[in-house]
Amino acid sequence: MRSKRLPVWLGVSAVAAIGLYVAGAALSGSLSPLARRPLLDGVGPAIPYRWVDPPPLLENSNQSPTFGTFGLPLGPDGSAADVLATRDLQVTLVTVRAMIPARPGAQRATVAIDPLDPADHAPVPEGLAAAGNVYRIRAAYDPGGPVRRFGAEATAILVYPSLPTIHSEGHEMLFSPDGRSWETLASRDAPQLAQVEAVIDAPGYLLAAGRPKPPPAPDTGGGSSNTLLIVGIGALSVLLLGAGIFLRVRAARSSPGRGGR
C-alpha cells in the first residue's frame, strides 16, 4: 500500500500564506501601534465621553454629561461608607465612614456633583492639558450649612476622553477649592480604562489633565528598512505561490491516465 503524502504544492502554498500573513502584520504594525496585536484579540468599543463643551467634530453626536445629588444619613459617627457615582459613570466618589462628620441637629447631608466647562475656570499648570470636564463636588448639612472639610478622605475617580487625536504620556487629577487655581494630586492613572483616581479631603473642583506627548521624530531610515523588509517578504511569498502552482500543474500532467496515448 502506498503511503499518503500531502502534495508538495500544498506545503509550499501554506508557507506562502504564512509569509503573506507576516507581511501584512508587519505592514499594519508599521502604520499604527494599535494594530500591533494578534488578529484574534478583540477590543470593545469605547463609551463616548460626554462633554459640557464638545470639540467641533463631536458637536452633533455629543450627549450632555449627567450630574448627581446624593443624600447621606448621619449617625452618631457621621455618614456611612458608600459609593456615589453620576449616572453616566464619568465621576465616582468612594466614601468611607465619617467622611461627613456628625453635627448636632443635622440628620443627613447632601453631596452634589456638577459637570462644568474647563474654559470657565483657571488654566491648568504648565506642561498639562485639560482632559474632559471640570467637576464640582459640594457637600452640605441638612439642616445646616456647607461642609468645608471631610472628616475622612474619599477617593475620587474621573473618566477622561480617549480620542485618537489626543496623545498623552499619562494623566493627573487636579484639585481646586474655588476653581481659581489648581494643585496636582498624587494620582493613579489607568489608561486602559481611561480614568484617573486620587484621594481628596474636602469638597471642591476636580479636573483630569494629561501630559501631552511630544510629536514623533521624523523617520531617518528606520521606516525605509521596514519597507524593504515588507517588500522582501511579499516578493518571497509571491515566488512561493508561483512555485506551488508550477508543481501542481507538473504533478497533474505526470499522473497516470493524464498522458497521451
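1. Asn 133 and its polar contacts. The side chain of Asn 133 makes a polar contact with the side chain of Tyr 135, at 3.2 Å. A polar contact is a pair of N or O atoms within 3.5 Å; within protein, one must be able to donate a hydrogen and the other to accept it, and residues adjacent in sequence count only if both atoms are side-chain atoms. The side chain of Asn 133 also reaches the backbone oxygen of Arg 50, at 2.8 Å.

2. Basis of the note. This is a predicted model, in which local features need pLDDT of at least 70 and side-chain atom pairs count only at pLDDT 80 or more, while totals for chains, interfaces and linings use all residues. Residues are numbered from 1 along each chain as its sequence is written, and side-chain values use heavy atoms, with hydrogens and water left out.

3. Setting of Asn 133. Asn 133 belongs to strand E6 (residues 129-142); helices (H or I, at least four residues) and strands (E, at least two) are DSSP runs, numbered from the N terminus. With a relative accessibility of 2%, Asn 133 counts as buried, where buried means under 20% relative accessible area, exposed over 50%, and partly exposed in between (1.4 Å probe, protein chains only). Residues up to four places away in sequence aside, Asn 133 touches a set that includes Tyr 49, Arg 50, Trp 51, Leu 116 and Leu 206; contact means heavy atoms within 4.5 Å.

4. The aromatic pair. Two of the residues touched by Asn 133, Tyr 49 and Trp 51, deserve a separate remark. Rings of Phe, Tyr and Trp (its six-membered ring) pair if their centres lie within 6.5 Å; planes under 30 degrees apart count as stacked, over 60 as edge-to-face and the rest as tilted. The count by this rule is one aromatic pair. The ring centres of Tyr 49 and Trp 51 are 5.2 Å apart and their planes stand at 75°, so the pair is edge-to-face. Both Tyr 49 and Trp 51 are buried.

5. The chain as a whole. The chain contains two helices and 12 strands, and its pattern along the sequence is α-β-β-β-β-β-β-β-β-β-β-β-β-α. Of its 261 residues, 32% are buried. Among contacts with a separation of 6 or more, 69% are between residues 24 or more positions apart. The accessible surface of the chain is about 17100 Å², and 59% of this belongs to carbon and sulfur atoms; such areas come from the Shrake-Rupley method with a 1.4 Å probe, and for residues only the protein chains shown count as cover.

6. The open sheet. Five strands form an open sheet in the order E3-E4-E7-E11-E10, with antiparallel pairing. Strand E3 (82-85) and strand E10 (187-190) stand at the edges with a single partner strand each, so one side of each has no neighbour in the sheet. On average, neighbouring strands of this sheet are turned by 15° against each other, direction ignored; axes are lines fitted to C-alpha atoms, for helices over the stretch in contact, and angles run from 0 to 180 degrees between N-to-C directions. Within the sheet, E7 (residues 154-159) and E11 (residues 195-200) pair in the antiparallel sense over six bridges; two strands pair if DSSP finds at least two bridges between them. Val 159 stands opposite Gln 195 in E11.

7. Tyr 160. Tyr 160 lies in the loop between E7 and strand E8 (168-176) and is buried, with a relative accessible area of 5%. Its side chain makes polar contacts with the side chains of His 171, at 3.4 Å, and Asp 189, at 2.8 Å. Apart from residues up to four places away in sequence, Tyr 160 touches ten listed by name here only in part, including Tyr 49, Ala 131, Gln 195 and Ala 208.

8. Strand E1 and its partners. The side chains of strand E1 (residues 68-75) alternate: Gly 68, Phe 70, Leu 72 and Leu 74 point to one face and are buried, whereas Thr 69, Gly 71, Pro 73 and Gly 75 point to the other and are not. E1 runs antiparallel to strand E5 (residues 108-116), to which six bridges join it, and Pro 73 stands opposite Arg 108 in E5. E1 also pairs with E2 in the antiparallel sense, over two bridges, and a hairpin joins E1 to E2 through two residues.

9. Ser 79. Ser 79 is placed in strand E2 (residues 78-79) and counts as buried, at 1% relative accessibility. A polar atom of its side chain lies 3.5 Å from the backbone nitrogen of Met 99.
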